[in-house]
Amino acid sequence: MNICIIGTGYVGLPSGACFAELGNNVVCVDIDEKKINELNNGKITLYEEGLEEIFLRNLENKKLKFTTSIKEGLKNADLILIAVGTPPHPLTKEADLKYIYAAVRDIAKNLDHYAVIATKSTVPVGTGDEIEKNLLQENPKAQFDVISLPEFLREGFAVYDFFNPDRIIVGLNSQKPKKVIEELYAPFKNKSQILFVNRRSSETIKYASNAFLAIKIHYINEMADFCEKTGADILEVAKGMGLDNRIGNRFLNPGPGYGGSCFPKDTQAMAFMGKKNDVNLSLIDSAIKGNEERKDKIAQKILSCIDDLKNDQVAILGLAFKDGTDDCRESPAVEIVSKLLKEGVKIHAYDPKAMELAKSILKDQIKYAKDAYEAIKDSSLLVILTEWKEFRELDLNQISSLMKHKKILDFRNLLDKEKSLEAGFVYSGVGR
Ligand code: NAD
Ligand code: UGA
């Protein structure tokens, strides 16, 4: 199948490379000339485990191409996937659809044959209808069907999630595009359920799922606060809760709050849709508020553990919004660091993948270390903010020999509490 993907970011690039890996001919279009040049020169523009190999293989065998020309991208395309950003509107926090409609205008002007147009971007309910109207206004002769094909991949696991989806949701208002989708997902037929629903249901499933997961994290964070006050241990509580299949054991890890380019923006967009439609979405409102407040509370807790603001250095481990990615968008770690900087805290930080992107935000306000131990050296407090597996394996004896004062705030519960206490650290995790 010939596929054109518009937008070559965290969704478009892995999707493009993986669809090419399945044997499709994929052309990725982006307005970012620098990005397209780099990709054409074999330089991958984001970090995703296992992606580079697939990207290079398919670039080489010409199954995967990159261009800034929409005309070139649409040539002979059976399927057009829109994967541009839908960031929060700066004032209202609703999903800003300017990139979607710009892409739609480009499609309308250049489409000269029938194609299925699918939104992979996360878009508010009813956007498919608006896209349809816009396309026909711009090009009354255009032949197309608009479907919703929401993306559920997690950053850091994009390749794994692509090949092992829990479910594939397809929103369509007519039967014609079904054939294209069945062909596209034929390799997944015996592996994952493909659920066909109406277009508005599909658009809603995406937001409802992200909001539910955000609420689940907010809930476990509140339970962690409760455990801290009552002597219960959140790790035991979450394990006990998770053994109930109805609750499930995933997304029950407390931390410094959920971040990333999706949960914060999608909960806000869903809250906006609730207000617009006069529906009370109080759980979502509460998660948004609680998640914001959590980062303040954590910054305060860190500040309360610093004895000498002028001379003490704080080691921060983790800047990405979660492990497995270099993405720092809406990263709780970066937000907490910014709050600490306002109070004059001296910071030496390390992240396995996100140093470059963190630097573009935090500039030279902090020191950047080449590894965890360099960040820890001479510090009076060690703070863990991102759940990188490699931080679990840190050698407590080595840390102990490097630190000025032996104090650890582990906001991801990565280190062994008992072993840390045995090694003489003042240790504090989340909810235990
Ligand atoms: P991104 O910002 O990483 O990438 C978007 C890309 O689109 C950029 O490269 C930008 O230059 C390009 N672009 C913008 N306008 C364009 C146009 N008119 N023509 C061609 N290219 C254009 O965004 P992302 O993280 O990949 O997210 C894309 C969408 O997918 C969002 O709606 C997001 O909510 C959703 N989503 C993201 C993830 C994720 O893990 N990041 C997962 C599921 C869904
Ligand atoms: C999330 C969803 O998991 C994907 O299914 C969805 O496709 C994507 O949003 C999207 O729509 O963009 P992602 O943002 O990549 O994926 O990351 P998650 O793994 O969901 O983590 C989000 C945030 O929650 C991170 O800050 C993470 O540290 C935090 N988190 C996650 C916790 O604090 N505790 C948990 O138990 C799980």
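Helix α11 covers residues 263-276 of this predicted model. Its length can be checked by simple arithmetic. The helix has 14 residues, and at 1.5 Å a residue it should span 20 Å. The end C-alpha atoms of α11 are 20 Å apart, which agrees with that expectation.

How much of α11 is buried? Ten of its 14 residues are, so the helix is largely enclosed by the rest of the structure. The cut-off here is a relative accessible area under 20%. The buried set consists of F263, P264, K265, D266, T267, A269, M270, A271, M273 and G274. Charged residues K265 and D266 are thus listed beside nonpolar ones such as F263 and M270. The buried residues of α11 pack against two helices, α9 (199-230) and α12 (282-304). Just after α11, D278 adopts a positive phi of about 55 degrees.

Helix α11 also borders open space. The second largest pocket has a volume of about 290 Å³. Its lining counts 17 residues, and P124, V125, T127, M273 and K276 lie nearest the centre. M273 is also among the buried residues of α11. Both α6 (127-138) and α11 supply at least two residues of this lining. The largest share comes from α11, with four residues.

Helix α9, one of the packing partners of α11, takes part in a closed space. Rolling a probe the size of a water molecule over the atoms shows where empty space is left. The structure holds one cavity of 30 Å³ or more. The volume of the largest cavity is about 40 Å³. Its lining is made of T119, S121, T122, V123, S148, L149, P150, S202, E203 and K206. Which helix gives the largest share of that lining? Helix α9 does, with three residues.

Now turn to the strands. Strands of a sheet pair through backbone hydrogen bonds, either parallel or antiparallel. Six strands here form an open sheet with parallel pairing, in the order β11-β10-β9-β12-β13-β14. At the edges stand β11 (367-368) and β14 (426-428), each pairing on one side only. Within this sheet, β9 (residues 313-317) and β10 (residues 346-350) run parallel and are joined by five bridges. A315 in this pairing stands opposite H348 of β10.

Residues from these strands also appear in the nonpolar packing. The largest nonpolar core has 59 residues. Those touching the most other members are I302, I316, L317, L340, I347 and V383. Helix α13 (residues 332-342) gives the most to this core, namely six residues. A second, separate core has 39 residues, including L74, Y101, I107 and Y258.

What does I347 contact, leaving aside neighbours within four places in sequence? The list is V314, I316, V337, L340, L341, I366 and K367. Two of these partners, I316 and L340, are themselves named among the core residues that touch the most other members.

A further parallel pair lies at the start of the numbering. Strand β1 (residues 2-6) is joined to β2 by five bridges, and the two run parallel. One bridge in this pair links I5 to C28 of β2. Is β2 enclosed or open? Four of the five residues of β2 (residues 25-29) are buried, so this strand is largely enclosed by the rest of the structure.

Methods. Residues are numbered from 1 along each chain as its sequence is written. Chains are lettered from A and ligands numbered from 1 in the order in which they are written. This is a predicted model: local features need pLDDT of at least 70, side-chain atom pairs count only at pLDDT 80 or more; totals for chains, interfaces and linings use all residues. Side-chain values use heavy atoms; hydrogens and water are left out. Two strands pair if DSSP finds at least two bridges between them. The expected span of a helix is 1.5 Å times one less than its number of residues. Buried means under 20% relative accessible area, exposed over 50%, partly exposed in between (1.4 Å probe, protein chains only). Contact means heavy atoms within 4.5 Å. A nonpolar core is a set of buried Ala, Val, Leu, Ile, Met, Phe, Trp, Tyr and Cys residues joined through side-chain atoms within 4.5 Å. On a 1 Å grid over the protein atoms alone, a cavity is a set of points where a 1.4 Å probe fits but cannot get out, and a pocket is an open set with protein on both sides within 12 Å along at least five of seven lines; lining residues have an atom within 4 Å of a point. Grid points are joined across faces, edges and corners, and a volume is the space filled by probe spheres set on the points.
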